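Colleague: Hello! I am new to this structure and would like to learn how to read its features. Could you walk me through a few?

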Amino acid sequence: MVGVKTRTFGQGIRERRRQLDLTQEEVARRIATSTPYVGHLESGKRHPSDKVVTRLADVLGLDRRDLFFLANPNAKALLHSKEKSSASAWEEFRKDDRVKRIHNIGAEEMEMLSRVALMGEVRSSRDFVYILTTIRHALGR
């Protein structure tokens, strides 16, 4: 999606839908929702769930991550904040057994989050829970 920063989520999906010569009705059917809902998304009257973002990305052939950040611009700001270093946030999170127990975070998810920490852009321990929750929703867990 070229020029993602200058477009809204609604504008982006409308433009792509039109490029693919799809009607709102066809998109609605493919993502298992209503035609008016697709119209509301395109006009910015509704905010999509993570599941809808994932389905739209698949149906419209868009990058899931780009579409997620277009729908959730504040999430990107969380990742790009320089308030705290990622290493210290990761260490704080990694050592917090209480948080891992409360959120039922297993070894596989900890490994995945350790890779997120290597990106060097997560500002706080709390943000790891947000990232994990978002991933779980996207995967339907």
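Modeller: Gladly! Let us begin with a term: helices here are DSSP runs of H or I with at least four residues, numbered from the N terminus. Please keep in mind that this is a predicted model.

Colleague: Thanks. Which residues of helix α7 form a salt bridge, and how far apart are they in sequence?

Modeller: The general idea first: side chains of opposite charge can pair when their charged atoms come close. Here, Arg94 pairs with Glu91 in a salt bridge, with 2.7 Å between the closest N and O atoms. The two sit 3 residues apart in helix α7 (residues 86-95), so about one helical turn separates Arg94 from Glu91. Arg94 is partly exposed, at 35% relative accessibility, and Glu91 is also partly exposed, at 31%.

Colleague: How many salt bridges are there in the whole structure?

Modeller: A search finds 7. Some share partners: Arg14, Arg17 and Glu42 are joined in this way into one network.

Colleague: Let us look at Glu42 and Arg17. Are they buried or exposed?

Modeller: Both Glu42 and Arg17 are buried. Their side chains meet in a salt bridge, at 2.6 Å from N to O. Glu42 belongs to helix α3 (residues 35-43) and Arg17 to helix α1, so this pair ties together parts 25 residues apart in sequence.

Colleague: And what is the N to O distance between Glu15 and Arg7?

Modeller: The salt bridge between the side chains of Glu15 and Arg7 has an N to O distance of 3.1 Å. Glu15 is partly exposed, with a relative accessible area of 35%. Arg7 has a relative accessible area of 17%, and because buried means under 20%, Arg7 counts as buried.

Colleague: Now for helix packing. How should I read that?

Modeller: Two packed helices are described by the angle between their axes and the distance between the axes. In this model, helix α1 (residues 9-19) packs with helix α5 (residues 64-71) at an angle of about 140°, and the axes are 8 Å apart. Angles over 145 degrees would count as roughly antiparallel; α1 and α5 are therefore oblique to each other.

Colleague: Which residues make that contact between α1 and α5?

Modeller: From α1 come Phe9, Gly12 and Ile13, while α5 contributes Leu67, Leu70 and Ala71. Sorted by type, the residues of this contact are 5 nonpolar, 1 polar and no charged.

Colleague: Thank you, that gives me a good start!

Notes:
Residues numbered from 1 in each chain as written. Predicted model: local features only at pLDDT ≥ 70, side-chain atom pairs only at ≥ 80, totals over all residues. Heavy atoms only, no water. Axes fitted to C-alpha atoms, helices over the stretch in contact; angles between N-to-C directions. Parallel < 35°, antiparallel > 145°, perpendicular 65-115°, else oblique. Contact = heavy atoms within 4.5 Å. Nonpolar A, V, L, I, M, F, W, Y, C, P; charged D, E, K, R; others polar. Salt bridge = Lys/Arg side-chain N within 4 Å of Asp/Glu carboxyl O. Buried < 20%, exposed > 50% of the residue type's maximum accessible area, 1.4 Å probe, protein only.
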